[in-house]
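Good morning, and thank you for coming. Please take a moment to look at the structure on the screen before I go through its charged side chains and its strands.

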Amino acid sequence: MKLAVPTNFQDDFLTRLPKEYIHYIYGKLAADFVGGGRPSFMLPHISKRHLEKHVEKIHKNGLKFNYLLNAFCMGNMEFTRTGQRQIRRLLDWLSVIDVDSVTVAIPYLAQMIKKNYPRLKIHASSFANIDSVSMAKYWEDLGADLIVLPPHSLNRNFETLRLMRKYIRCQLELIANNACLSGCPLGDYHKTGSHMSQLHYREGFPLNFCAVNCSYMRLLDKTHFIRATWIRPEDLRYYEEIGIELFKITDRSQTTDFLIRAITSYTERKYDGNLADILAYPLTRRQPKRRKNLFHGLRYFFRPLKINPFFISKMAKLSSFNLHIQIDNRALDGFLDFFIAGGCRQKQEVCQECGYCQRISEKAVTWDEDAVVKATSAYRDILDEIVSGRAFRYF
């Protein structure tokens, strides 16, 4: 078993890693021409020189670095003369600083990089939603060396995972501590957030509507904490038995303490306590404290000509709710057996009629009911302001 782990570019991160378990480290600049899977305002703001030095340190530690170019959409800029020039400039720089691989979600980028930068290994992003053998074969034929499988559709679909491993030769990787909604109805729309990390895209406002919406959905039904797409550290063996031995830890906006706790839990294959402590839920995210946070917050969110500043101050208060979410990991022992046996696949027509995850949530998930009531009201008000258009008006 090997792990792909994110870097938050904190000074103490590399020194605390269990290097014998690390397959590669991944990250990117907060913004570049191609963009990635996270909005710039969520990521550490580092210079190109800082990233270059970080890659050097990673290599000195005997590890590899993967640079994320996993934007879901580039607005067709990739097919313009300017776009071609900027993409090549970025890839030339990544080659110079000796990046080992890149992750992409756009098939054209995979083909272009494979042809013009053959030294770079290609990882197909989970954003490409490669959820069938035929799609995986297509990406493998494009030259993908590794495929990150979409957690929302495959982490508990053992039938398809077995077929993938049987017919696909390249490496397959699963995201272990992802907490997205199962079969998320917002998933594809959320991926357009790639524009929020593209240097050439400055027209829109970085309002993370999908994250607010999915957090609100969880507040309405705590079963979503169980239906989510995580893999427990104790359950890695079931995937290894299939032949999948690479697992990805997320995400890049987390603190070093969170990342090391999650990484250690998966290397030890056990976590006694609150499973939410190692899962990347939007409701529990704690970003590293950085002196430049206020400046960058103003840079991205103080745009009075685009959105009402008072609404942004309301949005900021959403992070102040402490819901005391507890997911008793020991109460989940044996939880995955139902999925391995195909139970979920047999009852996929109506999740509520099955009721398996709901029964598990009743014994495994607790939270502060009073805090949840207040948070639910706040999230509902925020969403109503966005949908009604009041968030974009002054009067």
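I begin with lysine 137, which has a relative accessible area of 32% and is therefore partly exposed. In these terms, buried means under 20% relative accessible area, exposed over 50%, and partly exposed in between, with a 1.4 Å probe and protein chains only. Please keep in mind that this is a predicted model, in which local features need pLDDT of at least 70 and side-chain atom pairs count only at pLDDT 80 or more, while totals for chains, interfaces and linings use all residues. Residues are numbered from 1 along each chain as its sequence is written, and side-chain values use heavy atoms, with hydrogens and water left out.

Which residue meets the side chain of lysine 137 in a salt bridge? The partner is aspartate 141, at 2.9 Å from N to O. A salt bridge here is a side-chain nitrogen of Lys or Arg within 4 Å of a carboxyl oxygen of Asp or Glu. The two residues are separated by about one helical turn, because they lie 4 residues apart in helix α4, residues 133-142. Helices (H or I, at least four residues) and strands (E, at least two) are DSSP runs, numbered from the N terminus. Aspartate 141, at 53% relative accessibility, counts as exposed.

A second pair is found in helix α1, where glutamate 56 and lysine 53 lie 3 residues apart, about one turn of the helix. Their side chains form a salt bridge of 3.9 Å, N to O. Glutamate 56 has 33% relative accessibility and so counts as partly exposed; lysine 53, at 37%, likewise counts as partly exposed.

A third salt bridge links the side chains of aspartate 384 and arginine 390, at 2.9 Å from N to O. Aspartate 384 is partly exposed at 40% relative accessibility, and arginine 390 is partly exposed at 37%. Elsewhere, Arg232, Glu234, Asp235, Lys270, Asp272, Arg330 and Asp333 are joined into one network by salt bridges that share partners. Across the whole structure, the search finds 22 salt bridges.

I turn now to charge at the surface. Lys48, Arg81, Arg85 and Arg89 form a positive surface patch. Such patches are made of residues with over 30% relative accessible area and no salt bridge, like charges being joined within 9 Å. Helix α2, residues 81-96, supplies the largest share of the patch, 3 residues. Lysine 48 belongs to helix α1, residues 48-60, and its 43% relative accessibility makes it partly exposed.

Finally, the strands. Two strands pair if DSSP finds at least two bridges between them. Strand β3, residues 65-69, runs parallel to β4, and 4 bridges join them. Tyrosine 67 has valine 102 as its bridge partner in β4. In strand β4, residues 101-104, Ser101 and Thr103 point one way and Val102 and Val104 the other way, and all are buried. In a regular strand the side chains alternate between the two faces of the sheet.

What of strand β7, residues 171-175: how many of its 5 residues are buried? The count is 4, so the strand is largely enclosed by the rest of the structure. Strand β6, residues 146-148, runs parallel to β7 and is joined to it by 3 bridges, with leucine 146 opposite glutamine 171. Strand β8, residues 246-248, also pairs with β7 in the parallel sense, over 3 bridges. There, isoleucine 175 stands opposite lysine 248.

Notes:
Patches are made of residues with over 30% relative accessible area and no salt bridge: like charges are joined within 9 Å, nonpolar side chains (Val, Leu, Ile, Met, Phe, Trp, Tyr) within 5 Å. Accessible areas come from the Shrake-Rupley method with a 1.4 Å probe; for residues, only the protein chains shown count as cover. Lys and Arg count as positive and Asp and Glu as negative; His and the chain ends are not counted. The place of a charge is taken as NZ of Lys, CZ of Arg, CG of Asp or CD of Glu.
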